[in-house]
Amino acid sequence: VQLQASGGGLVQPGGSLRLSCTTSGIIFSVNAMAWYRQAPGAQREVVATITSRSDTNYADSVKGRFTISRDNARNTVYLQMNNLKPGDTAVYYCHASHRGYNYWGEGTQVTVSS
């Protein structure tokens, strides 16, 4: 099983990034997918989730700014991040889950700084 995240980088406050997570080795369409993040010295926290039926949920801190989506044909989940703030700086991780199985990808660094 592989979850490969990409799309991170350095962006100025107010800017945008789109993260992608492409999976292999799982039946992507039945998995709930999520993005987590972990800032230095902080615990990992959930940012956004999307079910196999594409129901979504967001952390209060990102509501209205981030959008999670999935493309089952491409086995990929996305996180569109707009109006980024310095507080969004973290390593972002992709997560897949189905019937008690949980998989993590390697993180991608997002840095929001002027």
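Arg99 is exposed, with a relative accessible area of 75%, where exposed denotes over 50%, buried under 20%, and partly exposed the range in between (1.4 Å probe, protein chains only). These values derive from a predicted model, in which local features require pLDDT of at least 70, side-chain atom pairs count only at pLDDT 80 or more, and totals for chains, interfaces and linings use all residues. Residues are numbered from 1 along each chain as its sequence is written, and side-chain values use heavy atoms, with hydrogens and water left out.

Arg99 is located in the loop between β9 and β10; strands here are DSSP runs (E, at least two residues), numbered from the N terminus. Although Arg99 is not a glycine, its phi is positive, at about 50 degrees. The two strands flanking this loop form a hairpin with two residues between them. They run antiparallel and are joined by four bridges, pairing being assigned if DSSP finds at least two bridges between two strands. Within this hairpin, His98 stands opposite Tyr101 of β10.

A positive phi is also found at Asn75, likewise not a glycine, with a value of about 55 degrees. Asn75 belongs to the loop between β7 and β8. With a relative accessible area of 29%, Asn75 is partly exposed. The strands on either side of this loop, β7 and β8 (residues 76-81), are antiparallel and share six bridges. Arg70 has Val77 in β8 as its bridge partner.

Both of these strands take part in an open sheet of four strands, arranged in the order β1-β3-β8-β7 with antiparallel pairing. At the edges lie β1 (2-6) and β7 (66-71), each of which pairs on one side only. On average, neighbouring strands of this sheet are turned by 15 degrees against each other, direction ignored; the axes are lines fitted to C-alpha atoms, and angles run from 0 to 180 degrees between N-to-C directions. In general, strands of a sheet pair through backbone hydrogen bonds, either parallel or antiparallel.

Strand β1 is joined to β3 by five bridges, the two strands running antiparallel. Gln4 has Thr22 of β3 as its bridge partner. In a regular strand the side chains alternate between the two faces of the sheet. For β1, the covered face carries Leu3 and Ala5, whereas Gln2, Gln4 and Ser6 occupy the uncovered face.

Strand β3 (residues 17-24) contains Cys21, which counts as buried at 0% relative accessibility. Leaving aside neighbours within four places in sequence, the contacts of Cys21 (heavy atoms within 4.5 Å) are Leu3, Gln4, Ala5, Trp35, Asn75, Thr76, Val77 and Cys94. The C-alpha atoms of Cys21 and Gly8, 13 residues apart along the chain, are separated by 11 Å.

With a disulfide defined as a pair of cysteine sulfur atoms within 2.5 Å, the structure has a count of one. This disulfide joins Cys21 to Cys94, with an S to S distance of 2.1 Å. The torsion about the S-S bond of Cys21 and Cys94 is about -85 degrees, and the disulfide is therefore left-handed. The link connects distant parts of the chain, with Cys21 in strand β3 and Cys94 in strand β9 (residues 90-98), 73 residues apart. Cys94 likewise has 0% relative accessibility and counts as buried.

One aromatic pair is present in the structure. Rings of Phe, Tyr and Trp (its six-membered ring) are taken to pair if their centres lie within 6.5 Å, with planes under 30 degrees apart counted as stacked, over 60 as edge-to-face and the rest as tilted. The ring centres of Tyr36 and Trp104 are 4.8 Å apart and the planes stand at 65 degrees, so this pair is edge-to-face. Because Tyr36 lies in strand β4 (residues 32-38) and Trp104 in strand β10 (residues 101-104), the pair ties together parts that are 68 residues apart in sequence. Tyr36 is partly exposed at 21% relative accessibility, and Trp104 is partly exposed at 40%.

Arginine side chains also sit over aromatic rings, a charge being assigned to this position if NZ of Lys or CZ of Arg is within 6 Å of the ring centre and within 35 degrees of the ring normal. The charged end of Arg44 is placed over the ring of Tyr93, 3.7 Å from its centre. For Arg70, the charged end sits over the ring of Phe28, at 4.5 Å from the ring centre.
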